[in-house]
Each structure stands twice: as C-alpha cells, then as structure tokens.
Amino acid sequence: MSAAPGALTSYRPALRPRVLLSDPLLDGAATVHLIKDAETGNSFKVGPKEHFLIVRMDGERSLGEIGEEYAGAYGRRLGDAHWRQLLSLLGAKGLLAGAPARTAAQKGPATGPVPGGPAPTAAPGAPAPAAPAHVPEPRTLLRGSLPLVADADATTARLHRAFGFLLAPPLLVPLLALVLAMEAVVAARSGELLLAAKGLLANPVLLTGTAVLLWVSTALHELAHGVTARHYGGRVAEIGLRWRLPAVIMYCTVDDYLYFGTRRHRIATALAGAVMNLVFLLPFCALWLFAPLDDATHDAFAALLLLGSVQAFAMLVPLPPLDGYRIAGQLAGATGLAASAGAYLRLALRRSPEAAAYPRRARIAYPAYAAVTVLVLAGTVAAAVAATHHLLTA
C-alpha cells in the first residue's frame, strides 16, 4: 500500500470543537475508546487504531503526516481507499469540522463491528455506537421525569461560582477529616443510634421531618455531582425530578464525565454525591453531640446520623447504576464492567480458551471487581444481620 496521494495527502482534517475522546477502556476482551459529539449527544466506540488516527486530526497535521506516524506505530501505510472510508464515516456522523452535525435520529444504525482488532494490518473500520443519545422517557402517573431548569449547565455554573471554593484542598481536606471523625463516632455509638432510629417510628412528626431532611440530602447529592463535574470542565445536561411512585427523587445528568482529562477527576465526580451526603450531616452531628436538646430531638438527630450515613455508603456499593459502580469502572479502566466481568468469569470457570485470549489487564480487573463486590455485599449483609440482632435483643 502507498500513502494517500496528491490533495488527499495534504488535507488537514479537524474534529469539531465539542468532539470528546476518552482514555482507553476495557470492553470485554477488547480495548476501545469512546468518542462523543457533546453538541448532539451522539457517541461511539472506536478501536485503538482508529483512535490513533482520529486524535491526530487537529487541523495542523496533514493526512500524509498522520499516515507516517501510523506507519511508524503499526508498520503499515494506509491507502487512499482507507482514508476515504474513515473520512466519509466521520463526516457522515458530523464529527469533522465543516460537516453538518447529525442528531441521534439521523445517525442510523452501526455500519460495522467495533474496529481495532489485533492484526496490525487491519484498516480502520466504522465507529460503532457506544450508547444511545438520551431520549426522554414517557411520563405517566406512576413513572417519569421532569426537567426543572431550562439550562442545567448555566444553573450548575452559578452553583459552582457560589460553592466551588469548597473543592479547593485547603477547605476540602478539613471537611473530609471532619466527615471521617463523624463516621468514627457513628461506628462507635452505632448501638445507641440504632435504638434511636427504632424509636423514631413511634413519632410521626419527627419521622416525617427526618424523611424530608434525607430527601434534601439526596437532592444535594445530585447537585454535588454537577458542581464537581463543572469544576473539572464538565457539562451538565439536565437537572430535574424523577418519580417511580411512591419515590420521587432529584437527578442531575452529567453526560461527559467519562471524557475528563484525568481518572482522578472522574472518580471525584462520582464520589462527590456520597461525600455531600456526609457533609450534610456534620451540623446535625455537632448539635447531637454538644447542643442541649430535648430527648425526642436528640434521638431524631441520632437516627438522622445513622440513616444518612447508611444512605451515603449504600451509594458506594459497586453495583450498577450506583456511584460505587462508576468508581469501580474508573479504577478498572473499563466500560460495561459488570457485564464484561460476568462474561469473563463464565469463560474462566469453564476453562475456555477464550478466557486466555483476554488481555492481562482484563484478567486482573474482572476477577478483582467480582471479588470486591462479593466482599462488599457480604459485609452489608453481615452488618444488617448484626443490626437486626441488636434491635431484637436490646
């Protein structure tokens, strides 16, 4: 094969400004990158070779220069037909500057499998869909969602201007230290808190007040995701209410956190909600410990501390769609972690040769995720059994 000749060699393609590219991610046995047009919400998976080419389309390098780099990395040059195929696919999907943006309804189905197989001579293939664009679910009396603000990103920007200073290390570190101290107190006095939570059931007024405070905590949890994402350059797509009667909760959709520059920022965004739940409890903990309260209010604050802590840590269980699952996915460097781990373990338990074909990183990450999940669930069950036993014998 020879490099693309003539005008094609000198062409300097550029991606649209809002096209985002992720780090390499495990996807089953494959390694993929996610590519997304943040304006339309269209997202795709591409293989390492396609990513190698796409990420270099910055408007500065020509196809000839990109081709030389590709040949140095993979040992083969791309011909004219390969370049035209890749450029036409990117253009058709509205990812190249100068090409019309295409909505989710226009993009149509995938034109091929996820590219980037192991053979170094493989030419780039068609990007495959990574995830469908968000489509609002139909609203019924029993379930649905309702956006609360017209411009969620602008709303989050205002919140970030007001409260983003809390994410600065000089303030964040002491806050986290206070949270750890509070949770040490909760653990040390858990028996007392359990009895207070049991007693709360006999006081409908305080029970209602505690439930309202816990709901407020869930709303702040969602907003904390958005403010943290904004802090790291992310964009919030929607803030609203979602109901699955009788439950009604707030939600905050951050579409592009997978594309943040560092893994630490992505983990911080996923962790922010649970941390907000615990920070919300700090003033109530201080009142419970030091304020001269009547017995009923003292017990209500004790119950709030216990239930709020359980609420926060429950979100860190590494099962989809919880925040803990997103954190686990980032630690493993994987997309679709639960499904991929399940598929690998089934192959490994059957001693299938296909399991040995998985990359080493996958052979470590998938069993590790399964083991951690089992340990977390076992610990949760053990804690629930111990709490039940304490209540029954108290």
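D323 and R326 sit 3 residues apart in helix α12 (residues 323-332), so about one helical turn separates them. Their side chains meet in a salt bridge, with N to O at 3.4 Å. This is a predicted model. The count of salt bridges comes to 14. The points below take up several of these contacts, then a pocket, then some backbone features.

**The bridge in helix α12**

- D323 has a relative accessibility of 4%, which is under 20%, so D323 counts as buried.
- R326 has a relative accessible area of 35% and is partly exposed, because that value falls between the 20% and 50% limits.
- The bridge between D323 and R326 therefore pairs a buried acid with a partly exposed arginine.

**Bridges between separate parts of the chain**

- R12 forms a salt bridge with E65, and the closest N and O atoms are 3.6 Å apart.
- This pair links distant parts of the chain, 53 residues apart. R12 belongs to the loop between α1 (6-10) and β1 (19-21), while E65 belongs to helix α3 (residues 63-74).
- R12 is partly exposed, at 42% relative accessibility. E65 is also partly exposed, with a relative accessible area of 37%.
- R16 and D37 form a salt bridge through their side chains, again with an N to O distance given as 3.6 Å.
- R16 is in the loop between α1 and β1, and D37 is in strand β3 (residues 30-37), so their contact ties together parts that are 21 residues apart in sequence.
- Both R16 and D37 are buried.

**A salt-bridge network**

- Salt bridges link R56, D58, R61 and E69 in a network.

**The second largest pocket**

- The volume of the second largest pocket is about 840 Å³.
- Its lining has 25 residues. L306, V310, F313, A383 and A384 are the ones nearest the centre of the pocket.
- Four helices each give two or more residues to this lining: α7 (169-188), α8 (190-200), α11 (295-314) and α15 (360-393).
- Helix α15 contributes the most, with 8 residues of the lining.
- By class, the lining of the second largest pocket holds 17 nonpolar residues, 6 polar residues and 2 charged residues.

**Cis peptide bonds**

- Most peptide bonds are trans.
- L245 and P246 are joined by a cis peptide bond, with omega at about 15°.
- P246 is found in the loop between β7 (236-244) and β8 (247-254).
- A cis peptide bond also joins P320 and P321, where omega is about 5°.
- P321 is placed in the loop between α11 and α12. Helix α11 also gives residues to the lining of the second largest pocket, and helix α12 carries the bridge partners D323 and R326.

**A positive phi**

- Most residues other than glycine have a negative phi.
- R351 has a positive phi, near 55°, and is a residue other than glycine.
- R351 lies in the loop between α13 (337-349) and α14 (353-356).
- The relative accessible area of R351 is 76%, which is over 50%, so R351 counts as exposed.

Methods:
Residues numbered from 1 in each chain as written. Predicted model: local features only at pLDDT ≥ 70, side-chain atom pairs only at ≥ 80, totals over all residues. Heavy atoms only, no water. Salt bridge = Lys/Arg side-chain N within 4 Å of Asp/Glu carboxyl O. Buried < 20%, exposed > 50% of the residue type's maximum accessible area, 1.4 Å probe, protein only. 1 Å grid on protein atoms, 1.4 Å probe; cavity = no way out; pocket = protein on both sides within 12 Å on 5 of 7 lines; lining within 4 Å. Points joined across faces, edges and corners; volume = space filled by probe spheres on them. Nonpolar A, V, L, I, M, F, W, Y, C, P; charged D, E, K, R; others polar.
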